[in-house]
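User: I would like to go through this model and ask, for each label attached to it, what justifies that label.

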Amino acid sequence: MNNETLKDRAKALLYEAERKKAQTAKAIRQYERRFYDNGDFLNEAEMDDWKSKELYAIDLANERDTVFNTIVRLGIMSQEEAANYIVAIGKELGLDEVRTRR
C-alpha cells in the first residue's frame with residue numbers, strides 16, 4: 001500500500017470522527033438553546049438524551065484523539081498536517097464556532 005492510499009484512508013478516518021462530533025454537537029446545542037436560552041422545560045427522556053449525548057461527545061473526543069495520535073505515530077501524516085486537516089474539516093462542518101455556557 002502506498003503512502004497516498006494511507007493518507008487518503010487516514011483522512012477518511014479523521015473526517016468521520018469530525019462528522020460524528022459535528023452531529024453530536026448540533027444535538028447538544030439544540031438542548032442547550034432550549035434549556036438555557038429559551039428556558040424551556042425538558043422532560044426526563046429529553047434530559048436523559050441530553051446527558052447521553054454529552055457522554056457520547058466525550059467518547060468521540062477520545063476516539064478522535066486516538067485516531068489522530070495513531071496516524072501521527074505511524075508516520076502517515078505529520079502532526080501539523082493532521083491538525084490542519086482537522087481544522088479544515090471543522091470549518092467545513094461548522095465546528096469552528098466558540099461555545100459558552102450560561
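**Reasons behind the labels**

Analyst: Phe68 is a convenient place to begin in this predicted model: once residues up to four places away in sequence are set aside, Phe68 touches Leu14, Gln79, Ala82, Ala83 and Ile86.

User: What makes the set of residues that includes Phe68 a nonpolar core?

Analyst: A nonpolar core requires buried residues of nonpolar types that are joined through side-chain atoms within 4.5 Å. The largest such core has 10 residues in all, namely Ala10, Leu14, Val67, Phe68, Ile71, Ile76, Met77, Ala82, Ile86 and Ile89. Helix H1 (3–37), helix H2 (44–73) and H3 each supply at least two residues of this core.

User: How do you know that the chain is more spread out than a compact globule?

Analyst: The chain has 3 helices and 0 strands, and its elements run α-α-α from the N terminus on. For 102 residues the globule rule gives 13 Å, whereas the radius of gyration of the chain is 16 Å, well over that value, so the chain is more spread out than a compact globule. Along its principal axes, the C-alpha trace spans about 55 × 20 × 15 Å.

User: Why is Lys7 called buried?

Analyst: Lys7, which lies in helix H1, has a relative accessible area of 17%; because buried means under 20%, Lys7 is counted as buried. Leaving aside its neighbours within four places in sequence, Lys7 is in contact with Ile76, Met77 and Glu81, and of these Ile76 and Met77 are among the residues of the largest nonpolar core.

User: Why is Asn3 called partly exposed?

Analyst: Asn3 is also found in helix H1, and its relative accessibility is 43%. The partly exposed class lies between the 20% and 50% cut-offs, so Asn3 is placed in that class. The C-alpha atoms of Asn3 and Gly75, which are 72 residues apart along the chain, are separated by 9.7 Å.

User: Why does Gly94 count as partly exposed, and where is it placed?

Analyst: Gly94 has its place in the segment after helix H3 (79–93). With a relative accessibility of 28%, set against cut-offs of 20% for buried and 50% for exposed, Gly94 therefore counts as partly exposed. Between the C-alpha atoms of Gly94 and Lys26, 68 residues apart along the chain, the separation is 9.5 Å.

User: What share of the residues in the chain is buried, and what share of the contacts joins residues 24 or more positions apart?

Analyst: Buried residues make up 26% of the 102 residues. Among the contacts with a separation of 6 or more, 67% are accounted for by residues 24 or more positions apart.

User: How many positive and negative side chains are there, and how far apart do the centres of the two sets lie?

Analyst: The chain has 18 positive and 20 negative side chains, with the centres of the two sets 1 Å apart. About 7100 Å² of the chain is exposed, and carbon and sulfur atoms supply 50% of that area.

Definitions and conventions
Residues are numbered from 1 along each chain as its sequence is written. This is a predicted model: local features need pLDDT of at least 70, side-chain atom pairs count only at pLDDT 80 or more; totals for chains, interfaces and linings use all residues. Side-chain values use heavy atoms; hydrogens and water are left out. Helices (H or I, at least four residues) and strands (E, at least two) are DSSP runs, numbered from the N terminus. Buried means under 20% relative accessible area, exposed over 50%, partly exposed in between (1.4 Å probe, protein chains only). The radius of gyration is taken over C-alpha atoms; the globule rule is 2.2 Å times the number of residues to the power 0.38. Contact means heavy atoms within 4.5 Å. Accessible areas come from the Shrake-Rupley method with a 1.4 Å probe; for residues, only the protein chains shown count as cover. Lys and Arg count as positive and Asp and Glu as negative; His and the chain ends are not counted. The place of a charge is taken as NZ of Lys, CZ of Arg, CG of Asp or CD of Glu.
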